[in-house]
Amino acid sequence: MTTPTIELKPSAHPLSDSEREAILANPGFGRHFTDHMVTIKWTEGRGWHDGQLVPYAPIPLDPATHVLHYAQEIFEGLKAYRRPDGSVATFRPEKNAERFQRSARRLAMPELPVETFLEACDALVGQDKAWVPAHGGEESLYLRPFMIATEVGLGVKPANEYLFLVIASPAGAYFPGGVKPVSIWVSEDRVRAVPGGMGDAKTGGNYAASLLAQAEAAAAGCDQVCYLDAVEHTWVEELGGMNLYFVYGDRIVTPALTGSILEGVTRDSLLSVARDLGYEAVEERVSLEQWQRDTENGTLTEVFACGTAAVITPVGTVKRAGGEWRQSGGEPGEVTLRLRRALLDIQRGTAEDKHGWMHPLG
Ligand SMILES: *Cc1c(COP(=O)(O)O)cnc(C)c1O
């Protein structure tokens, strides 16, 4: 089947420069959307077709649309950065495209060709380039590709129609006042994902499963939840939307993939960045007991979380039922900040891109 090309039907009424600039002055995260979106349809027999770039607008859905009942949905998140010369580049978009295909397989959805995923992102960023914040800080344009089952009917089966979309939202610096550690609630009873489940697919259902624990964490005064494995309730997996790293001096450890951990692009990139900076970076099982014990005996010097939205977030306080401790005195650790800067400098184009991770536009 041939790859669809994207027909450009830009808006006759984009926001004015001054309206856009007012939003870009304080964009927050996920609150404002650019002038356009990309849509591509899939139907059984016909495959992918009707790729369009159109004005950002609501999508009408029949109340019996599949996704509204059975949650057959997957998504991605990646960023476009402005570079010192004014050009724009996205960070490792082909990794997101490949993960989107893996998520689609797990949810019995059609796989979008990698080149079509890239073409859709490029078309949107190209059209709405003025929405990519100016170079300088940590601001970026966050891209949200996603796919929903659009067949109408209540029968339970993989749908025979789908809609792929890309929308974009300007993102301010995650820590406008300087990097601040987050507090973590370790959930020892609720789980995010189970072996054989969808934990390694990027699907809204995993987030739905995490919201109650997130609310409990907030009630316990914590920012984020850390999930353990669903069988032994022993091994550290990840946060609701970020992977974890443990710093043992010059040795940096991230939990090995289990099938119920989401394979983050940031997680993967940091294994390379850490090695480039001379650290030993490994994937290993880490238990909650080891985390607490090694913090108390001083061998575990820093802990941080990582994902596209925040890049790297230091972990400060950790709470579990009947216990509480602080990482690196509740301050962002030195290695954490060094890795954060090294990765951000590649993303915003001020450090050499020796792995060829940046995907320039045009
Ligand atoms: C998206 C996501 C991450 C981070 O992945 P990145 O590709 O680094 O943004 C981690 N955990 C979960 C559950 C996620 O959905």
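Where does R348 lie? Select it in this predicted model: R348 sits in the loop that joins α8 to β18 (358-360). The tour returns to R348 after a pass through the cores and helices.

**The largest nonpolar core**

Select V38, F117, M147 and F164. Of the 37 residues in the largest nonpolar core, these four touch the most other members. To see the surrounding elements, add α1 (17-24), β2 (36-43), β3 (47-55), β5 (78-82), α3 (93-106), α4 (114-127), β7 (140-149) and β8 (161-171); each of them gives two or more residues to this core. The biggest contribution is that of α4, with seven residues.

Now centre on F164. Leaving aside residues up to four places away in sequence, its contacts include V38, T39 and I40, then W48, F100, L112, F117 and A120, and also P145, F146 and M147. A second core, separate from this one, has 25 residues, among them A89, Y245, L271 and I312. In soluble globular proteins, nonpolar side chains tend to be buried together.

**D50, in strand β3**

Stay with β3 and select D50, which is placed in that strand. Its phi is near 60°, a positive value in a residue that is not glycine. Most residues other than glycine have a negative phi. D50 counts as partly exposed because its relative accessibility is 31%, between the cut-offs of 20% and 50%.

**Helices α6 and α8**

Next, show α6 (residues 265-276) and α8 (residues 334-347) together. Their axes are 10 Å apart and the packing angle is about 105°, so α6 is roughly perpendicular to α8. On the α6 side of the contact, pick T266, S269, L270, V273 and A274; on the α8 side, pick L339, A342, L343 and I346. By type, the residues of this contact are seven nonpolar, two polar and no charged.

Take α6 alone. Its twelve residues should span 16 Å at 1.5 Å a residue, and the end C-alpha atoms are 17 Å apart, which agrees. Nine of the twelve residues are buried, so the helix is mostly covered. The buried set is V265, T266, R267, D268, S269, L270, L271, V273 and A274. Just after the helix, G278 has a positive phi of about 95°.

Then take α8 alone. From first to last C-alpha, its 14 residues reach 20 Å, close to the 20 Å expected at 1.5 Å a residue. Ten of the 14 residues are buried, and α8 is mostly covered. Colour V335, T336, L339, R340, A342, L343, L344, D345, I346 and Q347 to mark the buried residues.

**Either end of α8**

On one side, select S328 in the loop between β17 (323-326) and α8. S328 is not a glycine, yet its phi is positive, about 35°. With a relative accessible area of 28%, S328 is partly exposed.

On the other side, just after α8, G349 takes a positive phi of about 80°. Return here to R348, in the loop between α8 and β18. Is R348 buried or exposed? It is buried, since its relative accessible area of 8% is under the 20% cut-off. Show its contacts beyond four places in sequence: Y81, R82, R83 and P84, then H135, G136, G137 and E138, and finally R341.

**L228 and helix α7**

Move to strand β10 (residues 224-228) and select L228, which has its place there. L228 is buried, at 2% relative accessible area. Residues up to four places away aside, L228 touches V186, S187, E188, V191, H233, T234, W235, V236, E237 and L288. For a distance check, pick R285: it is 57 residues from L228 along the chain, and the two C-alpha atoms are separated by 11 Å.

One contact of L228, L288, leads into helix α7 (residues 288-296), where L288, Q290, W291, Q292, D294 and T295 are buried. After α7 comes G298, with a positive phi near 85°.

**Last stop: G205**

Select G205 in helix α5 (residues 204-219). G205 counts as partly exposed, at 26% relative accessibility. How many residues apart in sequence are G205 and Q72? The separation is 133 residues, while the C-alpha to C-alpha distance in space is 8.5 Å.

How values were computed:
Residues numbered from 1 in each chain as written. Predicted model: local features only at pLDDT ≥ 70, side-chain atom pairs only at ≥ 80, totals over all residues. Heavy atoms only, no water. Core = buried A, V, L, I, M, F, W, Y, C linked by side-chain atoms within 4.5 Å. Buried < 20%, exposed > 50% of the residue type's maximum accessible area, 1.4 Å probe, protein only. Helix = DSSP H or I, 4+ residues; strand = E, 2+ residues; numbered from the N terminus. Contact = heavy atoms within 4.5 Å. Axes fitted to C-alpha atoms, helices over the stretch in contact; angles between N-to-C directions. Parallel < 35°, antiparallel > 145°, perpendicular 65-115°, else oblique. Nonpolar A, V, L, I, M, F, W, Y, C, P; charged D, E, K, R; others polar. Expected span 1.5 Å × (residues − 1).
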